[in-house]
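Subject: The structure we talked about

Hello,

Here is the structure I promised to pass on to you. Please have it open while you read.

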Protein chains: 2
Amino acid sequence: MATKSNSTAKAPPRKQSAKKRRTGKRAQNKEAIRKRIVKSALHLFQTKGFDTTTTKAIARKAGIAEGTVFNYFRTKEDIALSFFEEEVDHAIAAVRDNPRLRKAPLEEKLFTLVHSQLEYLAPYERFIGAALIHALNPASHLGAFSHRAQQLRHRYLAFVTELVEESSPKQQRDALSWLVPEAFWIYYLGVLLFWLYDSSKDKEHTIAFLDRSLHVGVAFLTNGRR
Amino acid sequence: MATKSNSTAKAPPRKQSAKKRRTGKRAQNKEAIRKRIVKSALHLFQTKGFDTTTTKAIARKAGIAEGTVFNYFRTKEDIALSFFEEEVDHAIAAVRDNPRLRKAPLEEKLFTLVHSQLEYLAPYERFIGAALIHALNPASHLGAFSHRAQQLRHRYLAFVTELVEESSPKQQRDALSWLVPEAFWIYYLGVLLFWLYDSSKDKEHTIAFLDRSLHVGVAFLTNGRR
DNA sequence: GACAATCCATGAGTGTGCTCATATCTTTTC
DNA sequence: GAAAAGATATGAGCACACTCATGGATTGTC
């Protein structure tokens with residue numbers, strides 16, 4: 001079976017010179033389907049909640065067969081995760097690509113980071129509430145979202161650590177510096193909760209809280225030690 | 001249908017004078033079945049892992065029908081949780097009921113607390129590794145174990161807070177005291193991880209680590225502020 | 001002891017997330 | 001262009017956690 005290369009030699013086929021310049025019908029379709037899945041899923045998560053949204057419904061809304069969903073995402077949670085991955089990447093880029101922040105104080109960078117995240121999440125408040133509060137929860141959890149979720153969390157906290165170290169000479173670090181990312185993680189979840197329950201116009205209270213708490217926190221970091 | 005009380009009056013039946021003194025055949029059986037379920041589940045979790053243990057297998061091993069499991073526990077996770085509930089209760093009692101600890105220093109109380117937990121968990125190391133490391137995970141999560149799990153975590157941390165306050169006048173608390181339980185939670189998870197990977201005889205390394213880190217931690221708490 | 005009321009074990013059934021062999025479509029090769 | 005090779009959409013099917021109407025057993029009442 002499977003006559004492999006019936007002719008003389010496997011001519012090394014100059015595939016695609018560049019890395020991933022695929023623009024065939026297939027590649028286009030693939031990209032389109034992937035986007036449709038994420039979009040459909042997000043909409044359903046937002047309107048019906050995460051648990052009550054079935055993969056069948058996601059497929060139906062995206063106009064594909066149920067099995068196809070799993071050609072693109074290993075699990076249902078992965079679909080949600082891909083949204084958070086985009087969100088985190090977006091926020092990190094917002095800080096990195098802002099030249100004005102280059103030599104700004106730490107609290108300003110962190111403010112921009114978290115603020116970008118909230119802005120990005122804003123249209124999906126219900127989804128965040130449904131999926132995160134009950135699957136990520138007050139002070140722990142990422143629910144069933146295991147592994148890839150941790151990589152994401154790690155990527156996020158690594159960036160935060162980077163910002164902190166950039167702002168304070170490495171010599172000043174002491175035995176407690178490992179706590180900073182953990183503390184920031186808890187802090188971030190707290191901000192999210194605050195934001196979700198914030199009914200002030202344009203979430204002003206959250207912004208104010210963010211601003212103030214970051215000043216206090218950074219002050220503690222730099223005053224407390226040296 | 002359903003002729004409700006065909007006679008004259010519902011004689012207020014003097015139920016059981018005390019709260020729950022049921023010793024009939026039914027109650028005995030119920031207790032026995034509940035214990036069989038937990039025991040069977042625990043054994044399977046330990047030998048096969050949490051995810052790969054089916055509720056059908058648990059029921060079969062306990063000698064009951066599959067549906068019966070769900071007359072006793074709402075979910076599969078709840079079975080595992082009931083084990084951790086017992087574990088936490090046991091450890092709290094071990095500290096509370098030890099008169100020698102009454103006026104011992106804080107680090108000694110915390111040492112006893114955590115040590116009791118480890119002792120209790122020891123026979124189920126594989127299960128802890130399987131269920132906790134991957135469902136409760138390095139620094140967050142309680143996996144799908146939601147709600148009841150949080151109550152448990154809360155109960156545990158409330159006790160820790162109690163111990164801390166007992167050892168230091170309330171006036172000395174400041175704006176950061178809310179962090180103590182959170183930090184202790186992370187610390188506790190860290191200890192668990194350490195313990196799981198500790199291959200020294202009788203987990204000596206863990207004990208040593210516990211002892212030392214608690215001294216340092218408590219010293220930081222009391223020196224750091226005032 | 002007999003009847004009624006209550007409890008609760010039962011296991012077939014349900015809907016779920018996910019798998020997999022197959023058919024269909026696209027791309028490559030000649 | 002035709003045919004082989006490769007990719008991928010498909011949906012019936014699977015195993016699972018969990019539900020529920022049923023009947024049989026236990027308890028309470030006279």
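Below is what I found, beginning with the domains of chain A and moving on to DNA strand C. Please keep in mind that this is a predicted model.

**The two domains of chain A**

Chain A falls into two parts: domain 1 covers residues 23-73, and domain 2 covers 74-224. Where they meet, domain 1 of chain A contributes 18 residues and domain 2 of chain A contributes 17. Together the two domains of chain A bury about 1500 Å² between them, and 70% of that area comes from carbon and sulfur atoms. On the domain 1 side, the residues that lose the most area to domain 2 of chain A are Gln46(A), Phe50(A) and Phe73(A), which jointly make up 46% of what that side buries.

What holds charge and polarity across this interface? The rule finds zero salt bridges between domain 1 and domain 2 of chain A, but it does find six residue pairs in polar contact, with both residues at pLDDT 80 or more.

If you would like to locate the domain 1 side by its elements, look at helix 1 (25-48), helix 2 (55-62) and helix 3 (66-72) of chain A, each of which gives two or more residues to the side touching domain 2 of chain A. Helix 1 of chain A has the largest share, with eight residues. By type, the residues on this side of domain 1 of chain A are eleven nonpolar, five polar and two charged.

**Around DNA strand C**

Both protein chains appear here. There are 22 residues around DNA strand C, and those that come nearest are Lys25(A), Lys76(A), Ala65(B), Thr68(B) and Tyr72(B). Which elements supply this surface? At least two residues each come from helix 1 and helix 3 of chain A and from helix 1 (25-48) and helix 3 (66-72) of chain B. Helix 3 of chain B gives the most, with four residues. The surface near DNA strand C is made up of six nonpolar, ten polar and six charged residues.

On the DNA side, 71% of the strand C atoms within 4 Å of the protein belong to sugar or phosphate, and the rest belong to bases. Three individual contacts are good places to zoom in:

- Arg26(A) has a polar side-chain atom 2.9 Å from a sugar or linking oxygen of DNA strand C.
- Thr68(B) places a side-chain N or O atom 3.0 Å from a phosphate oxygen of DNA strand C.
- Gly67(B) has a backbone N or O atom 3.3 Å from a base nitrogen of DNA strand C.

Best wishes

Note on methods
Residues numbered from 1 in each chain as written. Chains lettered and ligands numbered in written order. Heavy atoms only, no water. Domains from an automatic or database assignment. Contact = heavy atoms within 4.5 Å. Buried area = accessible area lost by both parts, 1.4 Å probe. Salt bridge = Lys/Arg side-chain N within 4 Å of Asp/Glu carboxyl O. Polar contact = N/O pair within 3.5 Å; in protein donor to acceptor, adjacent residues only side chain to side chain. Nonpolar A, V, L, I, M, F, W, Y, C, P; charged D, E, K, R; others polar. Near = heavy atom within 4 Å.
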